[in-house]
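Reader: I am new to this structure. Can we go through it in short steps?
Author: Gladly. Ask away once it is in view.

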Amino acid sequence: MANVTIDNVIKRYGSVQVMHGVSVDIEDGEFVVLVGPSGCGKSTLLRMLAGLEEISDGTISIGDRVVNDVLPKERDIAMVFQSYALYPHKTVYDNIGFPLKMAKRSQSEIDDKVTKAADILDLTKYLKRYPKELSGGQRQRVAMGRAIVRDPQVFLFDEPLSNLDAKLRVTMRIEIKELHQRLGTTIVYVTHDQIEAMTMADKIVVMRDGRVEQIGSPLDLYDNPDNVFVAGFIGSPSMNFVHGKIATEEGVRVFVSDSGLKLPLPETTARDGQEITYGIRPEHIQIGPGGVEMDVVVVEPTGSETQIFAKAGKDLIDALVKERINARPGSKLGFVINPADVHLFDRASEQRI
């Protein structure tokens, strides 16, 4: 196991700079998820950590050793890819044991480590099968087994669940998290799925356009997003955003949207007339009397929850409630908002107020 330090890393392709001074500290044994939309630089950063991409500037250290110029095979890391990358002509046993064979380890050591990895990943009864005889989840576990037998200081996962169906992704999330708890090895995991990030990570690094937007625990990012991008990216369904200004009416400060919708405000240092973005998560909205009256547009019942989309003028608000609301498009409902749950952002900078 080892800590990882990414210090002011820059990546250029010719004259085009795609990574802009990224710095991340990863503690020994920590599960860190790099998350963001396609093209944000998360996979590029992982590949630089693995030694598969050159670093244009800055340093990456594994433990106490700077690895900028260290070959991938000498970095003591193991990588699990989205595509599994298994040898189709080799059995599960041979696929898992291949790194040890290439390292010219003894047959007894190979047997011992493959057996232990197969036991951890529930693959013992599949050791004589070939990849074509396995399900997607089983193939991914074989790829993980091949990484485990190397006993690396750091595991790197590059969107390993993207090729799996929704139900299997949930199962594999549990298995990977359980594996981390059992082995205690440092893990750096890349995904574009914020649900994976929230449910698996000790620490999340939110990236956009080759920059780090915010680093923190899952609940810290959920409760205290630094800006509009993080607030909208973390949480499912996404946070509601309404543009408008602060105003004082009859001695009470309120938010007034561009289309005239009035919403309650928390205590804030924002001044009257300041243009802001008003944020409220769908799950923090209640339906009932005394709320802001809105016209229902769409109702989406899922059984355990009901998602309601409603409009007031041009403003669309999404509420997610546990109750089974008997509402139809065209009807009116009161959307009750607790000011304590409201997030305010400066409209120009998009930074949290």
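Reader: What volume does the second largest pocket have?
Author: Keep in mind that this is a predicted model. The residues closest to the centre of the second largest pocket are Lys113, Ile148, Val149, Asp151 and Leu183, out of 13 that line it. By class, its lining has eight nonpolar, one polar and four charged residues. The volume of the second largest pocket is about 230 Å³.

Reader: Which helix supplies the largest share of the lining of the second largest pocket?
Author: The share in question is five residues. They come from one helix, α3.

Reader: What is the volume of the largest pocket?
Author: Start with its lining, which has 22 residues. Ile77, Ala78, Met79, Pro99 and Arg150 lie nearest the centre of the largest pocket. Its volume is about 630 Å³.

Reader: How many residues of each class line the largest pocket?
Author: Several elements contribute: β6 (77–80), α2 and α4 each supply at least two residues of this lining. The largest share, four residues, comes from α2. By class, the lining of the largest pocket has five charged residues, no polar ones and 17 nonpolar.

Reader: Which elements do the buried residues of α2 pack against?
Author: Helix α2 covers residues 92–102. Its buried residues are Val92, Asn95, Ile96, Gly97, Phe98, Pro99 and Leu100. An α-helix has 3.6 residues a turn, so residues three or four places apart point the same way. The buried residues of α2 pack against α3 (107–120) and α4.

Reader: Which residue with a positive phi follows α2?
Author: The phi in question is near 60°. The residue that has it is Lys104.

Reader: Which helix gives the most to the largest nonpolar core?
Author: That core has 45 residues. Those with the most contacts inside it are Ile96, Met144, Phe157, Ile176, Tyr189 and Val206. The helix that gives the most, with five residues, spans 136–148. This is α4.

Reader: How many residues does the other core have?
Author: This core lies apart from the largest one. Among its residues are Ile26, Leu49, Leu156 and Met207. The count is 29 residues.

Reader: Which domain does the UniProt annotation give for residues 4–234?
Author: In the model, the end C-alpha atoms of that span lie 24 Å apart. The span is 36% helix and 26% strand. The name comes from an unreviewed UniProt entry: "domain: ABC transporter".

Key: Residues numbered from 1 in each chain as written. Predicted model: local features only at pLDDT ≥ 70, side-chain atom pairs only at ≥ 80, totals over all residues. Heavy atoms only, no water. Core = buried A, V, L, I, M, F, W, Y, C linked by side-chain atoms within 4.5 Å. Buried < 20%, exposed > 50% of the residue type's maximum accessible area, 1.4 Å probe, protein only. Contact = heavy atoms within 4.5 Å. UniProt positions renumbered as here; feature names shortened; annotations may be inferred. 1 Å grid on protein atoms, 1.4 Å probe; cavity = no way out; pocket = protein on both sides within 12 Å on 5 of 7 lines; lining within 4 Å. Points joined across faces, edges and corners; volume = space filled by probe spheres on them. Nonpolar A, V, L, I, M, F, W, Y, C, P; charged D, E, K, R; others polar.
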